Structure formats: C-alpha cells, structure tokens
Amino acid sequence: MPDLFRHPNLSAQIPRSRNAVRDDKVFLRWLLLDKREAVSKGQPFLMLHGDKKRGSRSIPLLVQVAILPVCAKSKVVFKDYTPNQVMMLPPSLEELIMENHLVRVVNQVIDRINIDPLLKKFKGGGTSSYHPRMLLKVLVYGYLNNTYSSRRMESALKENIHFMWLAGMNKPDHNTINRFRSERLKDVLKTVFGQVVELLVEAGHLSLKEVFTDGTKIEAQANRYTFVWGNAIKTNKSKMEEQLKELWAYAERVAVEELKDEAPESFAPVSATQVKQVIEKIDKALEGKAVSKKVKQKLQYAKNNWPQNMKRYKHHEKLLGKRNSYSKTDIDATFMRMKEDHMRNGQLKPAYNVQLSSHNQYIVNYSLHQKPTDTTTLKTHIDSFKKLYKQYPQVVVADAGYGSEENYQMLVNRKIEGYIKHNQFDRSLHRKHVDTFGSDNLIYDEERDMMICPSGKPMKPIGETHRTTANGFKQKMIKYQATKCKGCPLLQQCHQQKGNRVVAINHRLRKLKQQADERLKSEQGIAYRKRRPADVEPIFGNIKHNKNFKRFMLKGLDKVEIETGLLALAHNLAKWAA
Ligand code: SF4
C-alpha cells in the first residue's frame, strides 16, 4: 500500500494488504463508519471509489483510495446575524450617506437655487403639498441615476437610502412626481437650469463667452407606424381635384342645359363646403339622366367621403404646420431619419431635434425643435441663450450642418463671431485641383459689377432672382451672362447651356463664406475646429449610451423640453461632482 494509508492525521490504522481491503467486507463497513465519524469530528477520512452492486451482493471494487481533505478542517465562525434586532439608537440616514456622494452635490446645488418662480405655480388652499424643492431634487437625482420612470422613482423613495435621504423620508407617489414633472416644471425648469450654469460659471468650470453647438435626434414616445404625411395629403387633394374635374366634364356632356351657367370658379379643393357644393351641383344636373353605373358609384362615393376627407385634411394640415409629417400618438413629434437604425432600412422614426450648446463639456443651453435639419434651428437656439443669460455668446462654433447664409448673417447681426464651416469648406481644404469653371470660383469685378468667365471675358448682369427660405429669410441672386460662348475653345468644359452661359451669384453669401473661410483657417479657427468635436459631441454619447436615454418618456413639445432640461441638469451635476 502507498504511504498515503499511513498518514498521521488518519483516525485509524488501515490494513496494509490491498487484497485484504478488496475482500474484507467487514473492513469496508468499518471504513464507511469511520468516514461518518471522521466527518462528524471534522477529521480527514478515506474515500472509496468504485463500489459496485451485483445482484443481492455488494461487491466493492477498490479502484482508488484517496484522502480528502488532507488537512484538518478549522472551526467555522459566522458573524452575528440578528435581522429582527431592535436598536436602542437607530442610525440616521445622514450617517449612511458617504461624505462625497453625488446625492450630496445634488442636494447642495438645488438648495442654492432660487425657486420662487416654481413656488408661484402653487395656488394654495386645500391639502398640504410636497415641497417643490424636494420633488425637484428627486427628479434631478433620478435622471442622474438613469431612473426616468416616475414609478421607479416612487419605488426608489421606499428602497434606496440616497433617495430617502434626499426626500427627507417623504414618499410622494408616481402620480405626484409625474404631475410635478409635466405641469409644475413647465416654463420654470429652464431658469433653474440657467441658475445652475451660472453657479458653474462662478466656480470657474465654464464660460458663457464661447460655446460649441450641435444637435441630435432623440426618439419620441410615439408609435412608429401611426403617421400623417403632408405629401400624401397634397397628393390626395390633387387626385380629388382631378376626379372632380372629370365628373364635372361628364356632367357637362350629359346635362349641358343644366350646367351652362353653373361652372365653379375652381376645382382645387379648398374646403369641405366647396367640395360639397360642386358635388351637389353635379348630382343635381345629372338627376333623371341616363348616367353610367361607374359615374353613379363615383358620385356616391364622393358625396359620402370627400367632404369628410377635406375636413380631416384641414385638421392634419393645421397640426403639421410647416412640417411634412407628424405622429398620431404624439402630434408634436416629426418623423426623422435617425443614426440609430437597428433595422438598417433607413426607417424614419417620430423624434425631436435636440440642440445643445456646451463649454468644457458642460451644457450651457438646450432647445427643442420639430424640424430634422440643424440649419433652421440655430437662430432660435441662440436667441434662447440670450433670453436665459441676457447676453449672446461672443463665439459660436458649429459644424457644416449650420453653414447657411441665414445663419452667417444672423451671427453678424448679433455681433457674434461664428466659426461655422460651409458645405464646401472641407472639400476646399483637401482638393488638389480647383474647378475653375464652377460658378463659385469665378472672379467678381466689384467695380464694374461683372463676373469674369474662365476665358477672362466679362459676364454682364442681366437680372436678379429672389428666394425665401423655410424660415422666411430672403435671398437675392444676380444673374450674369457671358457675351460670346459660341466658338470658345473652353465651351465643352465650361457649360452645357444653350447659348451663352448664365450664372446666378449670391454676393452676400459669397462674402460671408469668404469671411468664414478666413476665420476658420486662422490659428484660433483651427483650435476651435479641433476642440468642437471633443466638447459637445461627448455629451450626446453620455446621454445616449452611458445614461441609456434613447427615447423620451413624455409626450408633447413642452413636456419633452422639461425632460431635456432634467437631463441637462443631471449631466452638469454629474460632471461637477466628478
Ligand atoms: S464658354 Fe462662354 S463662359 Fe465659358 S469660358 Fe467660354 S466664353 Fe467664357
């Protein structure tokens, strides 16, 4: 037998012969008894492998004998656990909150905020209300902890010591929290946010003089498949117009006498009443005439549906405003193309366009927009900055999505230094060859008010065109025409127009672009261009990925703006505490 069997820790001496172990059932019984005893005493024991039953006899097959475990087992001591013990002096929640915990920062900062505008929202009378400062702290801390649902906040106020401490053991239910968030904070939260930003400015964390602006789209709390499209309404109305014309033409053929003095002014459907009148005229004229079955059916359908359809279209158009779409389950949400495209089919989703301005990765301003393009949002966004801080920023840095004549001019009018690329800026930096034939690259002779064509010949002004943008901004373009393109050796490369080449030049935009180019290529401009993506874009990353906020919880522009404000506050406080 191996030495293993003579281990000093063993509780008994084991016979040395292997055969004896295999044959002696008594010994095996003793061995098992010995194991139980060893276990009860906490001593090492022998383990027998391969015990096999054959018929009624148990034949042990000793394959391996090992010691498990080799060392002696120590006595186990457990810490005291008395869950129902009554404490003479229970610990206060204050002692349980870490000194530098985030919840303390939220508490201290919101305590310093003037909440008079919020207090004015309470009319008084009736039962007592939960204190708005407490509810504001709970909401901000909830958004800071990725707890966006009012029901989850209600649970946290009963389970989470940080929430309990912050609320002073108050336990408002989810309805109270939600009512406070969507009704009381309306028109007030932005001033609270502004005060927190001013505290950050005082503490030297950021400056309001230079801001970096960018936008992102966040999905609305709305059904993705219940939508209304402006274009579909236009198409349906034009189809209705066509069919009305056809019906009228048919009626004129069949009932010449009845309709000879009855021609309607227009077939373009403007209102339900107008459509109804035209249908009634046709119906009256065809009364008692031999009318084809198809026309009868169409007329009946028109009578039953078109006036109602017109009413519906009018209602939709009112809700659409200047938008092209809206969601039926959140009428303020517009369908937009999102970066998060999990289906990879470019599906449009109901969303809001959130515009943020930042400095040192702190949010200094936010605004909500219903249009997907960033270009149209800058004016409103900058004006909301002025409304909040009673001043404009001195410098605004934004990407090429904001580069438009309207925005450049708006910044000039407000005496703001804009560092905004236009859509050709990056191409002009990297291109190796300048397209000398492009209308943007033609030389302008300001003295003679002439453009110089690629062959060096003058192009004379022949008129001007005007355009108004979606925001109501007026643009003016002067048309210049070359004098003699026929026979020019550069004609093939220059243009494909019939006759002499005509170009339309927007001089104001040309100058504004030149100024933007100079600024962006300066040392300061290069520094701003480098800093912009590292300043504002990480905020979107933090909100969407770290805070996992990819969809608003509330519906409607006002409520969604409150949520954006809470997110912005939470972001700033978390960064302040970091
Ligand atoms: S084709 Fe006409 S516009 Fe072009 S370079 Fe020749 S003359 Fe000038």
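The following paragraphs describe a helix pair and a group of paired strands in a predicted model.

Consider first helices α13 and α14, which span residues 272-285 and residues 293-320 respectively. Their axes come within 8 Å and cross at roughly 170°. Since angles over 145 degrees count as roughly antiparallel, α13 is therefore roughly antiparallel to α14. On the α13 side, the contact is formed by A272, V275, K276, I279, I282 and D283. These residues meet L299, A302, K303, W306, P307, M310 and K311 of α14. Classified by residue type, the contact between α13 and α14 comprises nine nonpolar and four charged residues, with no polar residues.

The second region is built around strand β7, which covers residues 348-359. Of its 12 residues, 11 are buried, so β7 is largely enclosed by the rest of the structure.

Strand β7 pairs with several other strands. With strand β3 (residues 210-219), β7 pairs in the antiparallel sense over eight bridges; within this region, T213 has S357 of β7 as its bridge partner. Strand β6 (residues 334-337) also pairs with β7 in the antiparallel sense, over four bridges, and the bridge partner of R337 in β7 is L348.

Strand β8 (residues 362-369) is a further antiparallel partner of β7, joined to it over seven bridges. Here H359 is bridged to Y362 of β8. Strands β7 and β8 form a hairpin with two residues between them. One residue in the turn, N360, has a positive phi of about 55°.

Notes: Residues numbered from 1 in each chain as written. Predicted model: local features only at pLDDT ≥ 70, side-chain atom pairs only at ≥ 80, totals over all residues. Axes fitted to C-alpha atoms, helices over the stretch in contact; angles between N-to-C directions. Parallel < 35°, antiparallel > 145°, perpendicular 65-115°, else oblique. Contact = placed C-beta atoms within 7 Å. Nonpolar A, V, L, I, M, F, W, Y, C, P; charged D, E, K, R; others polar. Buried ≥ 20, exposed ≤ 12 C-beta atoms within 10 Å, placed from the backbone. Pairing = 2+ DSSP bridges.
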